[in-house]
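User: I have a model open on my screen and would like to understand the terms people use for it. Could you take me through them?

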Number of protein chains: 4
Amino acid sequence: MIIIMKPNSNEEQISSVVSYVRQHDLEVHLSTGKEVTIIGVVGNKDKINPEHLASMKDVERILPVTESYKLANKKFHPEPSTVKAGNTTIGPGNLTIMAGPCAVESEEQLMLIARAVKKAGATFLRGGAYKPRTSPYSFQGLEEEGLRYMQNAKKETGLSTICEVVSLEAIEAAVKYVDMIQIGARNMQNFILLKEAGRSGMPVLLKRGLSATIEEWLNAAEYIIAEGNPNVVLCERGIRTFETATRNTLDISCVPVLKEKTHLPVIIDPSHSTGSYKYVPSMAKAGVAAGADGLMIEVHNNPACALSDGPQSLTFEKFAKLTSELRPFCQLVERDF
Amino acid sequence: MIIIMKPNSNEEQISSVVSYVRQHDLEVHLSTGKEVTIIGVVGNKDKINPEHLASMKDVERILPVTESYKLANKKFHPEPSTVKAGNTTIGPGNLTIMAGPCAVESEEQLMLIARAVKKAGATFLRGGAYKPRTSPYSFQGLEEEGLRYMQNAKKETGLSTICEVVSLEAIEAAVKYVDMIQIGARNMQNFILLKEAGRSGMPVLLKRGLSATIEEWLNAAEYIIAEGNPNVVLCERGIRTFETATRNTLDISCVPVLKEKTHLPVIIDPSHSTGSYKYVPSMAKAGVAAGADGLMIEVHNNPACALSDGPQSLTFEKFAKLTSELRPFCQLVERDF
Amino acid sequence: MIIIMKPNSNEEQISSVVSYVRQHDLEVHLSTGKEVTIIGVVGNKDKINPEHLASMKDVERILPVTESYKLANKKFHPEPSTVKAGNTTIGPGNLTIMAGPCAVESEEQLMLIARAVKKAGATFLRGGAYKPRTSPYSFQGLEEEGLRYMQNAKKETGLSTICEVVSLEAIEAAVKYVDMIQIGARNMQNFILLKEAGRSGMPVLLKRGLSATIEEWLNAAEYIIAEGNPNVVLCERGIRTFETATRNTLDISCVPVLKEKTHLPVIIDPSHSTGSYKYVPSMAKAGVAAGADGLMIEVHNNPACALSDGPQSLTFEKFAKLTSELRPFCQLVERDF
Amino acid sequence: MIIIMKPNSNEEQISSVVSYVRQHDLEVHLSTGKEVTIIGVVGNKDKINPEHLASMKDVERILPVTESYKLANKKFHPEPSTVKAGNTTIGPGNLTIMAGPCAVESEEQLMLIARAVKKAGATFLRGGAYKPRTSPYSFQGLEEEGLRYMQNAKKETGLSTICEVVSLEAIEAAVKYVDMIQIGARNMQNFILLKEAGRSGMPVLLKRGLSATIEEWLNAAEYIIAEGNPNVVLCERGIRTFETATRNTLDISCVPVLKEKTHLPVIIDPSHSTGSYKYVPSMAKAGVAAGADGLMIEVHNNPACALSDGPQSLTFEKFAKLTSELRPFCQLVERDF
């Protein structure tokens with residue numbers, strides 16, 4: 001931690017900051033410049049509250065030097081992690097494709113889609129049973145019934161399954177039926193839910209919040225891992241910007257940034273981020289080329305009749321075409337699927 | 001709802017969209033232009049899923065004409081609402097000042113602050129007992145113990161009390177001890193929590209999400225009111241932008257926008273939005289001048305030692321100075337405090 | 001300047017950074033921590049290129065400690081500046097109201113408006129003769145003819161005059177006819193134009209770019225002042241965010257931030273930022289309450305027929321009502337108008 | 001154009017809007033709903049000012065149905081364009097790699113870099129002679145001298161050349177020495193410069209503004225083409241968001257969006273957008289996979305000593321590695337380089 005004093009701070013103020021730091025068993029390195037004085041703090045910073053320091057007289061700014069997340073941090077875990085869920089391993093060497101409808105609508109629909117995505121090469125079936133919707137009057141999901149259909153689809157196809165959870169009740173139910181749970185963008189900083197997801201021991205896909213920084217995202221992952229559950233996969237699904245031609249802006253550059261900062265696998269969701277099926281194939285390829293560990297893609301038997309997010313769903317035909325086009329890209333980046 | 005067809009859509013596609021709409025007992029108004037055909041949909045749009053339409057062939061765009069929120073909508077409730085909580089009425093004619101520490105730290109601290117803010121004119125004591133923190137390693141609040149201190153502070157001072165809730169358990173506890181609950185920015189789209197807040201019947205202060213649009217915010221309020229609880233107050237606390245000189249950007253223009261769109265009261269939080277006590281007084285005055293129904297301001301007995309958000313807290317002296325400076329502004333906008 | 005080394009940098013890399021700094025006649029303060037080493041650089045940093053340092057091996061980050069703008073910086077010029085233009089003084093003690101049409105359309109129109117805004121208390125007539133428009137097919141302004149009308153309006157009413165310039169030619173023309181020139185948001189980083197505005201010696205109103213940080217804005221002001229022209233006034237006109245209910249988001253908190261960082265006067269434009277006449281009065285009051293030195297407001301004799309930006313223009317009646325409502329706010333903040 | 005009236009507008013107001021439209025020789029299609037009345041306007045909308053309409057009584061909103069750009073619009077020019085500059089053709093079937101230093105520093109430096117990038121497969125040499133810098137005290141470029149070095153580098157290597165222009169003088173000089181001119185992000189809405197670039201007849205690379213929407217960007221291109229110069233190439237270089245881990249956020253999804261809306265070629269700049277050489281290779285591959293027509297990459301003989309933007313420059317070795325890794329990606333997307 002570095003403390004920058006205001007220009008022309010007097011000796012007394014500087015001393016008082018220095019003694020405050022030393023009282024907390026931390027070492028001080030003092031740099032006295034013509035314009036500013038800088039105080040370097042060395043030692044275990046957990047002992048001190050940076051906000052106390054920030055509000056001391058003549059302190060201009062506090063600069064953190066190390067990240068607040070530890071368990072998610074690549075510095076302390078240099079090898080990339082793999083996360084196992086159902087029959088699937090997410091991580092280096094694999095490209096995991098999660099596909100399925102935004103919302104589970106009926107057992108027939110889900111079976112149809114499960115068979116189609118399996119045939120095209122997906123190893124994971126996604127399907128929402130609990131839908132967080134902006135308006136209380138929109139369709140909110142089939143809940144536990146939907147989870148049961150997911151379980152049946154797994155039995156028939158062997159696909160691993162993933163479902164979003166929005167509450168502690170949903171986690172309890174999901175544990176019984178599916179292989180992996182998803183925390184959605186709107187709940188990325190629902191810390192109660194994160195802790196419970198951690199305690200469940202289930203593999204967790206953590207979507208990035210609509211305006212979350214990468215640092216906040218990794219801190220949210222830390223909440224899960226800190227409960228003893230290291231099975232976290234990150235999923236970029238677009239951030240909110242002023243651009244309106246796409247629903248959100250897919251921040252693909254988060255892939256190399258995350259590969260530098262964390263050991264956790266990273267998945268790209270080109271469906272929710274762009275909001276249009278037309279843009280999904282090119283962004284899926286871009287995600288693979290950028291080094292992502294997987295893709296989450298919406299597929300529907302009849303996009304025109306989907307109960308939610310129809311415009312961004314691929315038909316079976318378009319999805320099969322996409323996976324066949326993706327194969328040579330996977331070879332280039334040395335990933336199997 | 002308006003459906004805009006793609007340029008040069010063929011007759012067949014247009015017919016198929018038209019019959020889809022008519023099948024749902026809605027009326028169609030057709031405008032056939034040289035470049036584009038436009039289909040106006042008249043009737044109860046709840047019968048139809050706009051996303052189905054959006055994914056039909058040759059449909060370019062669907063434009064909603066009316067807002068999805070009803071109970072929060074000024075169109076259907078033209079008079080401004082008042083919300084009562086404890087001994088306080090929030091709404092026209094009043095300027096409600098909520099003040100107190102970011103986090104309740106001890107009973108002594110809370111009592112000291114409660115007396116000071118009461119003396120300076122606040123009618124509401126705020127204090128966090130459940131703290132949603134970015135890092136799992138930061139101080140997370142005293143929980144139920146903190147709520148008990150709030151209750152004691154109320155008994156002594158007569159101040160109404162408000163506390164943030166982050167889980168169903170927190171709501172259950174808060175109901176017993178405080179007068180109003182707060183849903184924080186990070187939970188604005190935690191729909192489970194919103195519904196439970198609605199069911200509690202308690203007055204609710206709903207903070208705007210860090211990157212929420214006003215429309216999403218009002219839809220979040222709708223979740224609460226739809227459970228039969230009309231006692232919702234909105235609180236602007238800054239939105240996320242690229243500017244870094246302030247922690248967030250206080251969107252004061254939301255005040256006149258909300259006054260046009262909704263009947264719910266609006267409160268401005270100049271402390272969290274700016275992140276610095278130095279900017280609080282001018283932004284508090286700006287909020288009052290813009291027509292806000294109240295202010296939420298952080299006050300601490302010793303900002304340099306606050307367990308969270310010290311740099312943005314006012315001292316007792318600064319807070320008393322601010323309230324005395326605010327009085328003539330309140331007279332100008334015809335609000336008592 | 002502070003140089004933060006990567007965790008576990010080896011001695012050799014640290015030495016090589018240290019010698020690089022010393023070669024540039026700068027002093028080094030070394031803080032060697034368990035996790036990271038920090039190198040404080042003391043002396044005249046203009047001698048060194050921070051980007052060189054940033055790309056040296058094992059350097060993690062370079063942190064600037066002092067701002068790059070000097071002449072605009074309050075640290076080196078603690079007293080607030082006043083800027084004189086025509087018959088008007090902008091700065092402490094005054095509230096300068098600039099009012100008029102977005103675009104000058106005809107001499108009759110301009111005269112009508114000039115008389116009306118003068119009567120209501122404005123001291124400045126604004127009117128665009130060179131319009132930067134998003135589409136090349138939109139009305140682009142009357143150019144020099146428009147400036148001549150401005151001059152005539154000044155002769156009759158005694159109002160000071162201001163006009164946007166978009167090119168060197170426009171500056172040359174404006175110098176002959178008006179009292180102050182305006183650099184628009186889209187040209188805030190048109191450095192050639194800034195330098196030329198500096199060389200003209202004219203008072204300059206510098207609008208903030210649509211996504212400019214306050215730091216970039218002050219650096220843009222520095223371009224003008226560095227040419228020997230200290231007569232710069234800043235104008236906040238809304239920044240681009242994801243919110244769509246208003247055209248842009250008026251960042252009123254820039255007022256106290258600027259009052260802390262610079263001595264230059266600050267003006268608020270509630271018309272362009274909100275994009276709607278309905279929101280102008282409350283935001284004008286908020287701006288005054290926040291401590292702004294003035295307001296720029298669009299007024300039109302017939303907003304429904306304005307050639308540009310009609311929806312945000314006030315009628316004469318609404319403008320006169322606003323200025324009369326503003327007077328008591330000005331008294332509270334001790335400003336005359 | 002669609003006019004949406006306010007709920008419960010009276011007959012008189014509706015009639016007055018309808019007659020206004022008819023007076024401008026446009027046809028009206030009226031949809032009278034229970035909640036709202038919608039007026040479709042059919043015909044040549046250039047005859048009418050949407051802003052007039054927007055400010056008429058009881059008008060709620062005006063919705064444009066067609067884009068304001070025509071010459072850049074794919075609807076009126078369905079085949080993708082190719083742009084020739086020097087010995088290079090930009091467009092379908094090719095992947096154009098523009099490489100070189102951010103700033104031209106000396107003739108020796110430029111020659112060294114030109115030979116290296118040529119050897120690695122680039123067909124274009126980039127190099128800034130006029131640098132738009134945030135601070136007036138930063139290095140601003142060698143100007144005409146730098147252009148001369150570019151010309152010499154072309155003579156020796158046969159590479160095509162491109163240089164940013166910031167003023168009319170710079171355009172006049174550039175025409176004499178280089179093959180293509182670049183309009184930088186900060187000048188994307190410097191309409192005077194756009195027009196002059198159009199009149200020059202030179203191929204133009206138009207970078208996207210830091211917070212420009214795709215629609216504004218295409219309107220900026222329209223300014224150039226409207227002067228009779230169709231040789232425009234678009235370049236995405238990152239947009240401004242709240243994320244700080246990268247300098248800007250590279251909006252790769254603009255590639256499929258642009259491919260749908262315009263016939264102009266699109267280039268991706270992974271250097272300026274990410275701000276770090278470490279992220280350049282993965283984002284370059286992502287850009288190619290997404291369908292971009294080319295890449296603009298910073299390369300420097302000694303990044304640690306670059307006069308600007310060192311941290312984002314590739315060394316010769318890293319650049320050669322990248323181009324060899326890009327070749328198989330180019331084969332997959334059927335582009336030569």
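User: How do you know that strand β10 of chain B pairs with strand β11 of chain B, and in which direction do they run?

Analyst: Happy to help, and please keep in mind that this is a predicted model. Two strands count as paired if there are at least two bridges between them. Residues 180-183 of chain B (β10) and residues 204-207 of chain B (β11) are joined by 3 bridges, so the criterion of at least two is met. The two strands run parallel. As one example of a partner, I183(B) is bridged to L206(B) in β11(B).

User: What makes the sheet in chain B a barrel?

Analyst: Its 8 strands close up, in the order β7-β8-β9-β10-β11-β12-β13-β14, with parallel pairing. On average, neighbouring strands of this sheet are turned by 25° against each other, direction ignored.

User: Which strands of chain B does helix α6 of chain B lie across, and at about what angle does α6 run to β10(B)?

Analyst: Helix α6 (residues 191-200) of chain B lies across β9 (160-165), β10 and β11 of chain B, at about 170° to β10(B). Angles run from 0 to 180 degrees between N-to-C directions, so a value of about 170° belongs to the upper end of that scale. Helix α11 (residues 316-332) of chain B lies across β7 (96-100) and β14 (294-298) of chain B, and runs at about 175° to β7(B).

User: Why is the contact of E216(A) and R240(B) called a salt bridge?

Analyst: The cut-off is 4 Å between a side-chain nitrogen of Lys or Arg and a carboxyl oxygen of Asp or Glu. The side chains of E216(A) and R240(B) meet at 2.7 Å, N to O, so the pair qualifies. In total, the rule finds 2 salt bridges across the interface of chain A and chain B. On the side of chain A that touches chain B, the largest share, 4 residues, comes from α7(A).

User: How many residues does each chain bring to that contact, and how much area is buried?

Analyst: Chain A gives 43 residues and chain B gives 45 residues. Between them they bury about 3600 Å², 51% of it on carbon and sulfur atoms.

User: Why is the relation between chain C and chain D that of a two-fold axis?

Analyst: A turn of 180° with a shift of 0.0 Å along the axis lays chain D on chain C with an RMSD of 0.0 Å, and that is the relation of a two-fold axis. In chain D, the C-alpha nearest the axis belongs to S211(D), 3.0 Å from it. The copies meet through the same surface, because 100% of the interface residues of chain D are also interface residues in chain C.

Terms used: Residues numbered from 1 in each chain as written. Chains lettered and ligands numbered in written order. Predicted model: local features only at pLDDT ≥ 70, side-chain atom pairs only at ≥ 80, totals over all residues. Heavy atoms only, no water. Least-squares fit on C-alpha atoms with pLDDT ≥ 70 in both. Contact = heavy atoms within 4.5 Å. Buried area = accessible area lost by both parts, 1.4 Å probe.
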